[in-house]
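Subject: A structure to look at, with notes

Dear colleague,

Please find below the structure that I promised to pass on to you. My notes follow it, and I suggest reading them with the structure open beside you.

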Amino acid sequence: MAEMNSRPHRPRRPAARTVTAAGLLSALLVGGVQAPAQASEAARTATAPCAEQGRVEVFRKGGVPLLDWRENLEFDGRGTLWVTHLMEHRVEGYAPDGTLRTSFPLNGPGGIERGPDSMMYVNYGANPLTSVLTGGGVVRFDPTAAQPKPEKFVDGLSGINGLAVDADGNFYLSREMSTGIIKIRPDGTRDEAWTRAADLFGTNGLEIVGDQLYSTSIIDATSSIVRTPLNNPAGRTTVTSLTPNPLDIKVLDGLTSFDGDLLVVGFRSGELIRVDPATGRSCVLVSGLHLPSSVRVPRGFGDHDPRRELFVVETSGRIVKVTV
């Protein structure tokens, strides 16, 4: 970790994938419904640029905004980038050179994660325009198959979006317009007690780092990142609040861990924001993105360097690479 004099927005510290159409409209029209907290000094520096800026390159061109909405992404560690196309109801697999290798249909795919069993898991029913007809749940597929075939892992869920998987194979699903982060055990059964204790309303992006679950909410007027201990879901704390002015809500979406920090996308603000989870200090790594929804670090993806690169999907349909 660099010293403060070389990275003024990243203080020294101990060593150590989203919105639906309905949720987005709610956030943008009402500017959030949770009461704004008093802005901290960390929040006041959120719009300052990082000392180390990111360079943006287009990995895949977009199409018609909203209609070409790519919601989330994940790397399988075996050379393929998997992307969920929310509006065209399909999951796509890309090679390191940007070539589309394969795809398969899935209704309203949202969050996507690689499980500890090396299978890929995808939320479905994240598109509110079609989820009322088919419901929602989670499917899994083998990323090594020539023609991946999703099989149902759990169903009977509604209003789900983000997805995270811990080292023991437990699944966590965010709900933009409901209370409680859903926990699913490895055998597909629900941990209702954990879900009741994790009684956050309107969660969106999820990321697990160690034994902590980090989450964002599109309806939080303060644009907060919340930390929930996996073994104590009621013991959550706020890492930082990135919007001192609730009229300038960022609409935080997906987030990921990078070089000991958290990287979170501002859907409305078009930013990629770097946050120190120990202190809450933050800075803007990239601005000018086109309604970004999720960010990931490339793992096992050709020559792409996970120490310096990030991939972001946008509502514009673009997939962009950010080099730090």
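A residue is called buried when its relative accessible area is under 20%, exposed when that area is over 50%, and partly exposed in between, with a 1.4 Å probe and with protein chains only taken into account. By this rule, buried residues make up 59% of the 324 residues in the protein. Please keep in mind that this is a predicted model, in which local features need pLDDT of at least 70 and side-chain atom pairs count only at pLDDT 80 or more, while totals for chains, interfaces and linings use all residues. Residues are numbered from 1 along each chain as its sequence is written, and side-chain values use heavy atoms, with hydrogens and water left out.

The protein exposes about 12800 Å², of which carbon and sulfur atoms supply 51%; such areas come from the Shrake-Rupley method with a 1.4 Å probe, and for residues only the protein chains shown count as cover. There are four helices and 23 strands in the protein, where helices (H or I, at least four residues) and strands (E, at least two) are DSSP runs numbered from the N terminus.

Let me turn to the sheets. Two strands are said to pair if DSSP finds at least two bridges between them. One open sheet has four strands in the order β1-β23-β22-β21, and its pairing is antiparallel. Its edges are β1 (55-60) and β21 (292-296), each of which has a single partner strand, so one side of each is left without a neighbour in the sheet. The twist from one strand to the next averages 30°, an angle taken between the N-to-C directions of axes, which are lines fitted to C-alpha atoms (for helices over the stretch in contact), on a scale from 0 to 180 degrees. Within this sheet, strand β22 (residues 309-314) and strand β23 (residues 319-323) run antiparallel and are joined by five bridges, and leucine 310 stands opposite valine 322 in β23.

Another open sheet of four strands follows the order β13-β14-β15-β16, again with antiparallel pairing. Here β13 (203-209) and β16 (237-241) are the edge strands, each pairing on one side only, and neighbouring strands are turned by 25° against each other on average, with direction ignored. Five bridges pair β13 with strand β14 (residues 212-217) in the antiparallel sense, and valine 209 stands opposite glutamine 212 in β14.

The side chains also deserve a look. A salt bridge is a side-chain nitrogen of Lys or Arg within 4 Å of a carboxyl oxygen of Asp or Glu, and by this rule the count comes to 22 salt bridges. One of them joins aspartate 261 to arginine 274, with the closest N and O atoms 2.8 Å apart. This pair links distant parts of the chain, since aspartate 261 lies in strand β18 (residues 261-266) and arginine 274 in strand β19 (residues 271-275), 13 residues apart. Are these two partners buried or exposed? Aspartate 261 counts as buried at 1% relative accessibility, and arginine 274 is buried too, at 2%.

Aspartate 305 and arginine 307 meet in a salt bridge as well (3.0 Å, N to O), but here aspartate 305 counts as buried at 15% relative accessibility, whereas arginine 307 counts as exposed at 68%.

With kind regards
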